[in-house]
Amino acid sequence: MIIGLDVGGTHTDVVLLGEEGVLRQVKVPTNPANLLDTVWTGLQEVKAGIHPKELDRIVLSTTLTTNAIVEGKLVPVGVIVSSGPGIDPEAFRIGDHYHVISGSIDHRGREIQPINVSEIESITSRLKKQGVRYVAVVSKFSVRNPKHELQIQETLGDDFEFVVLGHRISGNLNFPRRIATAYLNAAVYPIHKRFFNAVRQSLSTDGLAIPIHVLKADGGTMNMDASLQYPGQSILSGPAASVMGSLPFVQDAEETLVLDVGGTTTDMAVLIRDAPLLDPVGIEVARYRTLIRSLKTVSIGMGGDSAVSVAGGGLRVGPERMGRAMAYGGSVPTPTDALFVLAKDDRGDVDAARRGLEPIAAALGKSLEETAQLVFDTACHRILQAAHQMIQEINGKPVYTVHELLEGYKVNPKSILVLGGPAPFVASRLRELSDYKVRTVPRWEVANAVGAAIARTTCELTLFADTERGIATAPEEDFYQPVKSDFTMEKAVALAKELLRDKALREGADPDDLEMEIIEQQQFNMVRGFYTTGRNLRVKVQVKPGLIRHSRTITQKLNEDLTAAGTGTTGVAG
């Protein structure tokens, strides 16, 4: 059995999956002030009476790191950068402890200027006096030669709790994004470590020493040890869970728009057949542009708990959330309250929902029912409008799926999959308001937790080889190997796949789920005078993102349940 858990802004969803599909599902309110208690409550309910030996693993998707970044609740981080000539590192200053040092590496990995150890020693002393315990170290072109970053780490010594080296976080070149990525990894490390240690300790107390996996923003998973090395990869894993939870229910040859309508936000994504779109550069969160690999998702401030008000004589819905719907004890009317007034839902305080919308109706000069319909329709129109805008933005750039670049491809989805608490009602109305074929995802209330549970372990790796310098490197893996002049692209690909396999197994992959593929390969000859003096090779490989091999049985059962309930295609479910 597998436990899947997704911490959302409003609710935390937990599922227990087995060969028979979803065996249990739990939905508990998220307490942002005590997420551990939230997670613990959900786990206790979903695993009650289950023998520890029956559980294979748990997969967590959490907003913890994302929230910390967005809310600016990050620990002080020492940032040490060396850029060399041609760029001003002050343009990328980040945090209150940013230090620019001497030393430079060129684009081929050759040392141009050594670092000054006394500079590092001085910075080390200063950071220690300031009580800084987390450090990010980035030198330009460190993925071609990490010598300076390693020397800086050695000089820093053991006086800091966590040191992030820029060359370990991505094989892609982009100095500003590498600085931001290293900074965020260091800044969220203590939050991430504290949370997952607490989860592990809690599970262990109950005799559940099962593997803990973490969902990443690219829709794959990694085990807890790997996540502690790269905590930044858990940023924006929530929208990725929605995508993975929708993936099994995409119909062949379709482009599908995925809408996860939560309490606070609606997360959107596009699937091309069974392939999610990928953000080829990296996550942008708050003001930080990173190299963290991510699915292409968009979130808007429109959900079931979005605040409803009247402004300038007109109706205003969202983007802020000011608590739960009044039907559930909140103090501000919401689209969820509108559903209660429209008799779409009765699992709360209908009278409170009506009281909440009465002042809105009076201000607009409409009946209560007309106002409720207007609130709900406004929310649905906002979602459709944002989806159209997202599609236009996708089509304005090259389209990348998690498997390939589709040059010149134009996305034009004809169907929508909806998940999240109000999914049946939203799906029904969207079908009336648009030309899309609209369906709900089975178990829409907890589909993102299902997605986290059935996502497979994924990772990528970049191998560089310079036959003139006689070296092959995989910087993310701290791998270096001498090569001879006859080192070919074929040998580079074989070596990259061997390293990728080792990395995937270390991060918790099932050996039977290792579908490896080449996503990029380039070769340039180096010429001096009239002679070729060597080759510069670059190979990027990945474990293909997707679902675990056991997922087919689980999702087949989910589809059967949906069909039995008579909700398979219309999306109008009770």
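Arg-273 sits in the loop between strand 14 (266-272) and strand 15 (275-276), and this residue makes a convenient starting point for a walk through the predicted model. Although Arg-273 is not a glycine, its phi is positive, at about 55°. Its relative accessible area of 40% makes Arg-273 partly exposed, because that value falls between the 20% and 50% cut-offs. A second residue of this kind is Ala-343, which is likewise not a glycine and has a positive phi near 65°. Ala-343 belongs to the loop between helix 8 (335-341) and helix 9 (350-364). With a relative accessibility of 68%, Ala-343 counts as exposed, because the cut-off for that class is over 50%.

Another backbone detail worth a visit is the peptide bond between Gly-318 and Pro-319, which is cis, with omega at about 5°. Pro-319 is part of strand 22, which covers residues 314-321.

How confident is the prediction, and what average pLDDT does the chain reach? The average is 89, and 97% of the residues score at least 70. A stretch to read with care is residues 566-574, where pLDDT stays under 50. For that stretch the model has 21 contacts beyond four places in sequence.

Turning to the sheets, four strands come together in an open sheet, arranged in the order 6-5-9-10 with parallel pairing. Strand 6 (97-100) and strand 10 form the edges, each pairing on one side only. Averaged over the sheet and with direction ignored, neighbouring strands are turned by 15° against each other. In general, the strands of a sheet pair through backbone hydrogen bonds, in either a parallel or an antiparallel way. Here, strand 5 (residues 77-82) and strand 6 run parallel and are joined by four bridges. One pairing to look for is that of Gly-78, whose bridge partner in strand 6 is His-97.

Helices accompany this sheet. Helix 4 packs on the sheet and touches strand 5, strand 9 and strand 10. The direction of helix 4 makes about 155° with that of strand 9. Helix 5 lies across strand 5, strand 6, strand 9 and strand 10, and runs at about 165° to strand 9.

A UniProt record adds an annotation to this part of the chain: an unreviewed entry lists residues 3-156 as "domain: Hydantoinase/oxoprolinase N-terminal". In the model, the span 3-156 is 27% helix and 31% strand, and its end C-alpha atoms lie 40 Å apart.

Charged side chains provide the next set of landmarks, with a count of 30 salt bridges. Among them is the pair Arg-133 and Glu-161, whose closest N and O atoms are 2.6 Å apart. This pair links distant parts of the chain, 28 residues apart: Arg-133 is in the loop between helix 3 (117-129) and strand 9 (134-139), while Glu-161 is in the loop between helix 4 (147-156) and strand 10 (162-165). Arg-133 is partly exposed, with a relative accessible area of 42%, and Glu-161 is partly exposed at 32%.

A further salt bridge brings together the side chains of Arg-168 and Asp-478, at 3.1 Å from N to O. These two residues are 310 residues apart, with Arg-168 in the loop between strand 10 and helix 5 (175-205) and Asp-478 in the loop between strand 28 (471-474) and strand 29 (479-482). Arg-168 has a relative accessible area of 23% and is partly exposed. Asp-478 also counts as partly exposed, with a relative accessibility of 38%.

Glu-515 and Lys-544 form another salt bridge, with an N to O distance of 3.9 Å. Glu-515 lies in the loop between helix 13 (489-506) and strand 30 (516-528), and Lys-544 in the loop between strand 31 (531-543) and helix 14 (551-564), so this pair ties together parts that are 29 residues apart in sequence. Glu-515 is partly exposed at 39% relative accessibility, and Lys-544 is partly exposed with a relative accessible area of 27%. Salt bridges can also share partners, and in this way Lys-216, Asp-218, Arg-293 and Glu-460 are joined into one network.

How values were computed: Residues are numbered from 1 along each chain as its sequence is written. This is a predicted model: local features need pLDDT of at least 70, side-chain atom pairs count only at pLDDT 80 or more; totals for chains, interfaces and linings use all residues. Side-chain values use heavy atoms; hydrogens and water are left out. A salt bridge is a side-chain nitrogen of Lys or Arg within 4 Å of a carboxyl oxygen of Asp or Glu. Buried means under 20% relative accessible area, exposed over 50%, partly exposed in between (1.4 Å probe, protein chains only). Two strands pair if DSSP finds at least two bridges between them. Axes are lines fitted to C-alpha atoms, for helices over the stretch in contact, and angles run from 0 to 180 degrees between N-to-C directions. Contact means heavy atoms within 4.5 Å. pLDDT is the predictor's confidence in each residue, from 0 to 100. UniProt positions are given in the numbering used here, feature names are shortened, and annotations may be inferred rather than shown by experiment.
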